[in-house]
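Trainee: Could you take me through a single part of this model slowly, one element after another, and show me how its pieces are arranged around one another? I would like one connected account that I can follow with the structure open beside me.

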Amino acid sequence: MTAQISELPTTIFRLFIIGSSQNRRGEFSRWIQDSAQNNVNIQEMESGEEALLACQLTPPQGMLIDSQLSDMTGLDFLEKMNQASPISKPPFIFFIGMANEEVAAKALKLGAHNYFIYNTLSPELLWRHVQQALHQLSAIKRIQALERQSNTIWESSGDGLVVVGMDGRILFTNPASEHLFQCSNEQLVGSPFEHQLIHGETKEILIHHPDTQAKPVEMRVIPIEWEDAPAYLTSLRDLSERRKAEEDRERHEMERQYAQKQESLGVLAGGIAHDFNNLLMSVVARAGLALRLLSPDSPIREHLQIIEKSGLRGGELANQMLTFAGQTQLDFQTVNFQQFLKDSKSFLRSTVSKRITLTFHLSPNVPPIRGDRSQLRQMLMNTVTNAAEAIGDQKGVIHISTSAADISTENFRHYHIMGDLPSGPCVLLKIQDSGNGMKPELIPKIFDPFFSTKFPGRGLGLAALLGIVRGHGATIAVQSNPGQGTEFIFLFPTTHTPSSPSIPSLTLPLEPASRTIHSKVLVVDDEEEVRTACSLILKEIGFDALVAQDGQAGEQIFERYREEIALVFLDLTMPHVDGGKLAEKIREKDRKVPILVSSGYPEEEAMKHFSQSGINAFIQKPFQVEILIAKIQELTSQKTQPPK
């Protein structure tokens, strides 16, 4: 008996003894108390109603129930217990007064732990079965705790968990799987599981929804038993976020590689543009000089004019290359996009075929942006021209729209993005065409110089456009599919900064000088053809040219002929000493001599290398002979005027 008592828990075991006989209840109570040594709290009850109420107020851990109660039979009591609490009932022992197998079977069916006949019962036997009931209660509690833990795991799992029977029908789902399928548990349970299940297999499947894109899901399958029958447990992990992260990572890596390539191309383009401008300078200057020597009715004039015009067009291409290289200084002003596009309608209309319909939808609530109007116009022209070429000779539509947008609410997942998306509100310019479109994998290539889906390479095209957009701190998003046209979206950061005035063309007044006759012009340029062409032009208007191939030689020549030099005509980019440093050295020696700067770079970019007070005028290569002559005559006439 002592060994049995040692198995009892330290907590008090609460036991109800329910029966109509007070003597029998008392006898059972003494037997149990003697064995349990006060580890059991026993409550005796005569009626079933009293016991039912007590079970609701303070549920026991076990019950001894007689077949006869004062107000009902023991079987009636068990039925009422089942109705009141069909799941959480304490273990109980049923007693009958005589061998009645039918009553005993009903008691067991209603949940009795065991049953005994009065005259066969002893204190040891009763206590042994009370202990068994106690251990059963402990096991039930462990099972319930495991069930609660299991339910917590099932309910809180981020992966979808689906139990599928051997017949292929769903037996159980957790909330995560209901979210994946976008169906309730009631809709899923009993329905067929549409994917083949193979033990131990891990594979990717797609879960389709009627209104949204299919979700990629990783499915793992293991065999289990479910309600005493073989089944499969499938674990479903949503891969959407992982795929998005992978796509973002791949996109950023592509953008990084593309940026490196564009940077290299930009350096190359800038160098080519500089050398190209020098070559064109020689072509345009020689053509201009030849035109001045010909009579007005000479048949050769037309050919030379075409050469001169082509050279100037080449200069425009060189400027596009500089824009692509990011080596142009933009003239930023506050731009009302709606008004800007309204003003551009006729200009854009003239760039496309009459078979193409050009439509606009311009939102009146678009905030202003900071931009260079000429560059924005170039961007529009390039994009619309590209759209028109995509439509070709057929009828089509190009639609241009603007709106205020917030990236946090916009979805650009299916777009190819060039640059970083703005972090907040922005201005959205959308240009859509009804052309043939292109394969999505071709989109990254359209920003490469000379790339085209229709013709062999024809120019910088969208590569120059990308340089313009980057110069504005903007982003491009492109979407296209074969047969569905192409959509360009430009995202510009908004501004509320007032417009800054544009930089005027630089022509500074000269200080009056002495009446000394100056007959020489110092030409400093590292290209021999440019020096020769300029010397011929100067000779044409009565000046002697002093030429130097770099800034160092130019400084020496200026020091030697300083009193005879009427004007210094120098290039920006030269070896040893560049134009900016040479201009500073000349100004240290002479603050009055006019300095005319020439460069293939636009004026705003070139002037960053000079002190504004030290330069009198600027002329961009390639320039026409007449323009150079006019500049030189303007500056030297001021120099030779007597002081007032």
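Mentor: Let us begin with helix 16, which lies across strand 19, strand 21 and strand 22 and runs at about 160 degrees to strand 21. Please keep in mind throughout that this is a predicted model.

The strands under discussion belong to an open sheet of 5 strands, whose order is 20-19-21-22-23 and whose pairing is parallel. At the edges of this sheet are strand 20 and strand 23 (617-620), each of which pairs on one side only. If direction is ignored, neighbouring strands of this sheet are turned against each other by 20 degrees on average. As a general point, the strands of a sheet pair through backbone hydrogen bonds, either parallel or antiparallel.

We can now follow the pairs themselves. Strand 21 (residues 565-571) pairs with strand 22 (residues 595-599) in the parallel sense, over 4 bridges, and within this pair Phe569 stands opposite Leu596 of strand 22. A helix also packs on this sheet, namely helix 14 (residues 528-540), which touches strand 19, strand 20 and strand 21 and whose direction makes about 165 degrees with that of strand 20. Strand 19 and strand 20 (residues 544-548) pair in the parallel sense as well, over 5 bridges, and here the bridge partner of Val523 is Val547 in strand 20.

Strand 19 deserves a longer look. Of the 5 residues of strand 19 (residues 520-524), 5 are buried, so this strand is largely enclosed by the rest of the structure. Follow the side chains along the strand and you will find that Lys520, Leu522 and Val524 point one way, while Val521 and Val523 point the other way, and that all are buried.

Let us return to helix 16 and look at a helix that it meets. The axes of helix 15 (residues 551-560) and helix 16 (residues 579-589) come within 10 Å and cross at roughly 15 degrees. Since angles under 35 degrees count as roughly parallel, helix 15 and helix 16 are therefore described as roughly parallel to each other. The crossing in which helix 15 passes helix 16 is right-handed. On the side of helix 15 the contact is made by Gly551, Gly554, Glu555, Phe558 and Glu559, and on the side of helix 16 by Leu582, Lys585, Ile586 and Lys589. Sorted by class, this contact of helix 15 with helix 16 has 3 nonpolar, 2 polar and 4 charged residues.

For a second helix pair, turn to helix 3 (residues 48-57) and helix 4 (residues 74-84), whose axes come within 10 Å and cross at roughly 25 degrees. Helix 3 and helix 4 are therefore roughly parallel to each other, and helix 3 passes helix 4 in a right-handed crossing. In this contact Gly48, Glu49, Ala51, Leu52 and Cys55 of helix 3 meet Phe77, Lys80 and Met81 of helix 4, and by class the contact has 5 nonpolar, 1 polar and 2 charged residues.

Finally, we can place this part within the chain, whose secondary structure comes to 18 helices and 23 strands. Buried residues make up 45% of the 644 residues in the chain. Among contacts between residues at least 6 apart in sequence, 68% join residues at least 24 apart.

Methods: Residues are numbered from 1 along each chain as its sequence is written. This is a predicted model: local features need pLDDT of at least 70, side-chain atom pairs count only at pLDDT 80 or more; totals for chains, interfaces and linings use all residues. Side-chain values use heavy atoms; hydrogens and water are left out. Axes are lines fitted to C-alpha atoms, for helices over the stretch in contact, and angles run from 0 to 180 degrees between N-to-C directions. Helices (H or I, at least four residues) and strands (E, at least two) are DSSP runs, numbered from the N terminus. Angles under 35 degrees count as roughly parallel, over 145 as roughly antiparallel, 65 to 115 as roughly perpendicular and the rest as oblique. A crossing is left-handed if the near helix is turned anticlockwise from the far one by less than a right angle, and right-handed if clockwise. Contact means heavy atoms within 4.5 Å. Ala, Val, Leu, Ile, Met, Phe, Trp, Tyr, Cys and Pro count as nonpolar, Asp, Glu, Lys and Arg as charged, and the others, Gly among them, as polar. Buried means under 20% relative accessible area, exposed over 50%, partly exposed in between (1.4 Å probe, protein chains only). Two strands pair if DSSP finds at least two bridges between them.
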